[in-house]
Every structure is written in structure tokens, then in C-alpha cells.
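Biologist: Show me the model, please. I have some questions about how its parts pack.

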Amino acid sequence: MHKDMFSFYSNQPRMDCKPRLVEKTMRSSRPLIYNLGDGQIWNTWRGGTCFIIRWRVGRKNRYFCIAARHTLRNMLQGDLTNENLDNIRVLKHSNIERHGRLGERDWAKIIAYHPLIDETEFQKLFGDPDVSDFVILEAENDAFDGVSSVFTVRPKLVGVTESEIVSNVDGPLSHILVVSGFPSVNNTIDYESEAIVFHRQLVSGRYDRSTDGSPIGQIDCTGRPDLPTDFDGLSGSPVFSFHRDQWKLAGIVVRGTASSKRLHFIKSNAIGFALFACALSSEDSMRKAHMENRKQRRREKSRTRRILLP
């Protein structure tokens, strides 16, 4: 993050945080990609932003990908299903701004979609129909091993001050919130070199305190320099709030316009609730799925060796 990110704002508390930790946190976002599977780079669509959560229980990790549901619906021209799940692509590493043809080593395989158990009840619980406009996808359980730029959440700490997700014990959200995403205007295709061009952008703004009682918060970016000319593509971006000595997950962007200079985001209490329910209800089935995936990969590796042997 640039040192002058917050120098624009006056009368704000000092935010002391280790630069490397800040950089790693802000780089947890990824461009959301849908590929037709025909190998043609121009049939690779960039449709917004997602972010990766490393759900760490003891030494075991699960990797969740959080995205805005309406973005996927627009990309897929319909609802997400097991049949089109394979076409969603998530980059493993976050430091790729310009890349040629993408191979298997570049992708984290998405193997599961975890819908809300009861969407109507979820909306009633939080009091707003827009609160369910996100999806929880899951990658293989070793997909991001060794990758530092994912957002680690330790569920046993949720609800205490050491937690990585904002909760009631943290008090109100910080005066300034930061969004890390991939506006569509920054993501293009270089047809001459057949390269996808990605560019992450950090957008900061003042938290609108009038939305304190709502599950949908607002960020006012009025007067902030270097805003993207269009907010399209920022849906799905993680929102971060500063508490004590760390940036915590405060929510996910679901809409916004450059003309209003406002971003709307689902707050972290709804995201955290859904993640807990998802992790608990799918633990047994995903353990079996991960085991089967490992067996399948070993079979494919063995088959490849046999083909390559003289």
C-alpha cells in the first residue's frame, strides 16, 4: 500500500501496521475469470473480483473463494451449477498483473459451491434481501499452500479481539475503509501478444456512519483522488477496516457507481456467519471430496508417467 494512501484524510487516527502485513492483506483479492475452455484467450472473460480465505483449524486448511453472486450470474448467464463450476478460474498467485497464456499451474481448481442453507431465513435474520448477494466457493485443500497473499481466518478466534474478521468486540468500523479489487477498466486483453492484463486497485473512502445499523454498509469516496473511472468490476472486492494494529475483514462489495462515488458492501457479520455454517455443514462431505481428488490426481500423474516412458 502506498504510504500516502491516507494522507488525503485529515483528523484521522494514526494507523500503525507492518508494511509487509498490509501488502499481504490487500493482495488477497483476485480477478474473477470465466473461461469457455476452448483455449482462446479472447474467450476468457474478466467479470469482477473475488478474494481467498484460508480457513485454518489447527494445522488443517480449507480455501474458500468469496465472490458477488450477481457477478457470476452475469458471467454464466444464469445460476451457478455443478455443470459450469469447472469454468470458473482463480489465479493462485496475486502478483500477476500481466500474463500470457495461462496453464494449469496458474489456476486453483474450484471443486465445490456452498449455497446458503436457507436463503430466505438468512435474509430475514439480517433484515435485507441484498445480504445474500455473495457465494462461497471452495478450492482444493492444498490449492494455496505456500501462497502468502491469502487472507487467513482462524475460526476459533472469531468474536475476540485477535480475530481477523471484524466483530462486535472491535467496536465501530474504522473511519477509513479500504477496498482491494480489479475494476474492469483496468483489465484488458493485449491481442498482439495474446496476454491478459490485470491491474489491482486500492480504493479508500470514509465509512458512512448512518449505515451502522444496517447489514449493508456504504463507503463515500467523494473527493478521493485516483479513483477508477468506472466502478464496474469492484463487486466481490474485500473491504478492510483498521482495528488496533491490524486490518480486518469488514465485508464484501456488492455494488457501487463512479458517478455517486459510493460503494455498498455486505458487512462481515453476515459473511462470517455464512462461512461458519458452510464449514460445519460441509466438513464431512468435503473431507471425502478432497480424498477423492487426491486419488484422481495420483492416477492422472501415474498415467502421464506411463505415456512419457519410452
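Biologist: How many bridges join strand β15 to strand β16?

Modeller: This is a predicted model, where local features need pLDDT of at least 70, side-chain atom pairs count only at pLDDT 80 or more, and totals for chains, interfaces and linings use all residues. Residues are numbered from 1 along each chain as its sequence is written, and side-chain values use heavy atoms, without hydrogens and water. Strands here are DSSP E runs of at least two residues, helices H or I runs of at least four, both numbered from the N terminus; two strands pair if DSSP finds at least two bridges between them. β15 (residues 238-243) and β16 (residues 246-257) run antiparallel, and the bridges joining them number six.

Biologist: In which order do the six strands close into a barrel?

Modeller: The pairing is antiparallel. The order is β10-β13-β14-β17-β16-β15.

Biologist: Which residues in α4 do F122, L125 and F126 in α3 meet?

Modeller: Contact means heavy atoms within 4.5 Å. The crossing of α3 and α4 is right-handed (near helix turned clockwise from the far one by less than a right angle). From α4, the partners are N269, A270, F273 and A274.

Biologist: Which element gives the most to the largest nonpolar core?

Modeller: A nonpolar core is a set of buried Ala, Val, Leu, Ile, Met, Phe, Trp, Tyr and Cys residues joined through side-chain atoms within 4.5 Å; buried means under 20% relative accessible area (1.4 Å probe, protein chains only). The largest has 30 residues, and F64 and L275 are among those with the most contacts inside it. With six residues, the top contributor to this core is α4.

Notes
Buried < 20%, exposed > 50% of the residue type's maximum accessible area, 1.4 Å probe, protein only.
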